[in-house]
Amino acid sequence: MAQISLNVNGKSRVLNTDPSTPLLYVLRDDLELNGPRFGCGLSQCGACTVIMDGKAVRSCSIAVSAAQARNITTLEGLGTVAHPHYLQTAFIEEQAAQCGYCMNGMIMTAKVLLDQNANPSEPEIRRALNANLCRCGSHLRVIRAVQRAAREKVSA
Amino acid sequence: MDTKSISRRQLLKGTGALVVSFSFWGPVSQALAQGAAQSGRPTAPAHNGDLDATQLDSWLAVAQDGKVTIFTSKVELGTGVETALAQMVAEELDVSFKRIYMDVGDTDRTVDQAVTAGSRTLERAGPQLRQAAAAGRQQLLKLASARLGVPADRLTVNDGVVSVIGSPAKKISYGDLVNGKRFDVQVSATGTGWDMKIAPEVPAKNYKDYKIVGTSVARVDLPAKFTGEFTYTQDVRVPGMLHGRVVRPPTVNSKPASVDESSVRDIPGIVKIVQEGNFVGVVAETEWAAIRAARSLKVTWSAPGTKLPANTGQVDDYLKNTKSFRDQVAVNKGNVETTISQASKVYQATYHWPFQIHGMIAPSCAVADVRDGQATIWAGSQGPFATRGRVANLLGIPPQNVRVLYRESSGCYGRLSTDDVPEDAAVMSRAVGKPVRVQWMREDEHAWEPKGPQQLISVRAAVDTQGKVVAWDYLDRSFPWTTSGTALLASQQLGIKPTGPGAPNGTGGGGDIYTFDHQKVVAALIPWVQPDPTPLRTSNLRAPGELARTFATESFIDEMAADLAVDPVQFRLRYLNKDVRPTDALRAAAKQAQWKERPSPAPPAPGPKATGRGVAIANRANTITAAVAEVEVDKTTGKVLVKRVSFAHDCGLIVNPDGLKNQIEGNIIQGISRTLMEQVQFDESGIKSLDWASHPIITYQDIPQIDIVLINRPEMGPLGGGEPSISPVPGAIANAIFDATGVRLREIPLTPKRVLAGLQAGTLSSKRL
């Protein structure tokens, strides 16, 4: 066990945990953040995606010790139902999910894409999201939601 | 879904002539006899809910503020059905949609309406809730009539406020009428589960007056799913909760010959190594400790009592050479044998469908709190009452002592109708006397989820001298769902025996959408009862059995059309015999695709890529679908890219058009993945596709354009939309590949390797006898 300090969604948190624990379990079980989700534990599906220092990363495969002194943003750090982020609004507008379990990864990956490229083409969106799996088949709606978010961000 | 059980006599009759070709199935008759003898406790007793279905209060409650709560054991699986059901209820009660709150899947608070499956929820539970709402409105008008002093037929309702027609000032709200009390009135209720009829005698609204049903109301669950505020099964936390992981055996009944607890001594936070019967699991204070311990724990398992088959080909041989225990005859008219034997031209082909997985993005998860002879289970089960019965049986306590609280998991496509993980959690919670959350790991889910069964389908048809198909002879050989109605993993590991070979894999999709003078469609069930079940146990997988059967039917129809040089759409229309719904759907999809009449294949294209179009139609649970797929085949790599799918869908009354389109898009995309990419990899030692790298599924780069035509038939009432639209997808793609290349592929998945092999073989037309 070791004392670990994390900076999550703008707040610093100190906790006592096994430093080899993947970040995902600390976010979920210790900080009770449900946005990042367990899908594979193998960096293959993207359900656990968080943003670390501006990059979309797989929290299931990063030891919590390696996440210290980094700025971590989870889905909760974007917005709430009462005050959604424009990306979340775009996903609601496009009804871009079925079960929604993978959508944390889609939204967090899209956030990083739009931060780096305000007006991505459709092939660029597909490329950016390609390593995020969705079994329900909501892909076309997700693409439309990202396009909508890009439009609304520009006009905002 | 046919849930008829198979009698011991039928079973033994079937086993008498079994051809057991391979040692890996072991003594099948012994297993059948064991199951039939029902040694040990009976498994999963059928149990109806304890709430009285004849009480209006069992179905709905009106709060003082006008909020209406609907109680239902039909659960949201990510298909939007909760929103659609709420629309039907709001419509019937004349309240705005936002007043409806759905209390879903709590076995203490809902009537057992049976499992949410088979695309039957809107069709069956829709009318149940609609009629309960109609009965509620009738009672509310009766109360209002007394309070306002006018007959009920002089009252009107606007968003839950009852007023006198012509005197709008004379009014009272639903909330004030009920005044925080129960209704305490009876409604009629007959039958059980899907077949339950609630207050059918109460008049319901005419569809012409619908204002909420038929509109694209936004899904109630989605906003919180996009912000992390939604509570999935995986997010349930209860005070004092511990974390469990299961240590999986090679086969279900493998015995843990030894468990070396010293192998995990160095891992801090372990609470208990649980070993009961053949079940081995680890309970720990943290999730990570449980994962590490489950991975590190040294367990020596006894030699498996059953081997897996070595490959798909061996399973095909077994399917082909083993006598069925039940021939389900879907159609049998005229004299097929004689007609075929006397025909001038006979076609014959065989189609192969492999074991496939549901592939939930979220592996199974549940929380159980078992203490003092009581159990509370938080689970994503499609059938909360089925899970209640199974857990009660496992724990040896009455079902009334078990409360299942539904919490949605990820999309499951049939997998959670036999939800294993609540049993794992119950066993471990009982062992430690505290709540335990069990999360399957990815490899647990890929290996141990019950699979969609392999199928082997042979079709023959006879054509007369005019080129008319006069006989159709269709035989599907597949396995029953071995997990259906029987003991699941932990139950079996604790010694509860399976009760039989399981439920059938359906009969639809074998060409019954067409009319031929002489026609036979049989779905034969081959026994898949292993003395020691392997991870190739089986269950219902989206449009169960029908996906494969429709692939075979629609490929075979296409093969005949090509050989007879007839346009594939026109050829199908001939045998739809002016049946209005499939004819309309087929024409609508063709029109959407700007279909040009010509026979397949297309003229050979120069260059490295060939394009083609293919059509297929289907009837699943009386929902009619038609698909036109346009593909591009890379002739050098064999890679198939589906560029566009045009789709027509008729499920009667459309409750929520955008929600329905969402389902259709998803079915098409999942259908493409299962057609082109997916197959469970295994050998004698076990399942080899244990993650998304070894079992890839479709990704963004391969998603086609999708254009959907919705056909609304409000006079029919609603039918299902959760799975019918996957059925025509494989046939449409296979036919499009043929159109592009002249290569006919009859074995799923349609991989680049198979396409290349076909191109090299230069198969240019269907085989003919």
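## Contacts between chains and between domains

In this predicted model, the contact between the two chains takes 47 residues from chain B and 50 residues from chain A. On the side of chain B that touches chain A, three helices, namely α6 (222-225), α7 (287-296) and α17 (657-676) of chain B, each supply at least two residues. The largest share of this side comes from α17(B), which gives eight residues. Sorted by class, the side of chain B that touches chain A holds 21 nonpolar residues, 16 polar residues and ten charged residues.

The description now turns to contacts inside each chain, beginning with chain A. Chain A is divided into domain 1, covering 2-77, and domain 2, covering 86-155. The C-alpha centres of domain 1 of chain A and domain 2 of chain A are 21 Å apart, and the contact draws 13 residues from domain 1 of chain A and 13 residues from domain 2 of chain A. On the side of domain 1 of chain A that touches domain 2 of chain A, the elements giving two or more residues are the strands β3 (49-52) and β4 (55-58) of chain A. The largest share there, three residues, is that of β3(A).

In chain B, the domain assignment gives domain 1 (8-18 + 307-357 + 451-525), domain 2 (56-225), domain 3 (233-304 + 364-439) and domain 4 (546-761). Between the centres of domain 1 of chain B and domain 4 of chain B, taken over C-alpha atoms, there are 22 Å, and their contact takes 31 residues from domain 1 of chain B and 33 residues from domain 4 of chain B. The strands β15 (345-353), β20 (455-463) and β21 (469-478) of chain B each supply at least two residues of the side of domain 1 of chain B that touches domain 4 of chain B. Of these residues, the largest share is the six from β15(B).

The table sets out the residue classes for the three sides described above.

| Side | Nonpolar | Polar | Charged |
|---|---|---|---|
| Chain B, touching chain A | 21 residues | 16 residues | ten residues |
| Domain 1 of chain A, touching domain 2 of chain A | seven residues | four residues | two residues |
| Domain 1 of chain B, touching domain 4 of chain B | 16 residues | twelve residues | three residues |

Terms used: Residues are numbered from 1 along each chain as its sequence is written. Chains are lettered from A and ligands numbered from 1 in the order in which they are written. This is a predicted model: local features need pLDDT of at least 70, side-chain atom pairs count only at pLDDT 80 or more; totals for chains, interfaces and linings use all residues. Two residues are in contact if their C-beta atoms, placed from the backbone, lie within 7 Å. Helices (H or I, at least four residues) and strands (E, at least two) are DSSP runs, numbered from the N terminus. Ala, Val, Leu, Ile, Met, Phe, Trp, Tyr, Cys and Pro count as nonpolar, Asp, Glu, Lys and Arg as charged, and the others, Gly among them, as polar. Domain bounds come from an automatic or database domain assignment.
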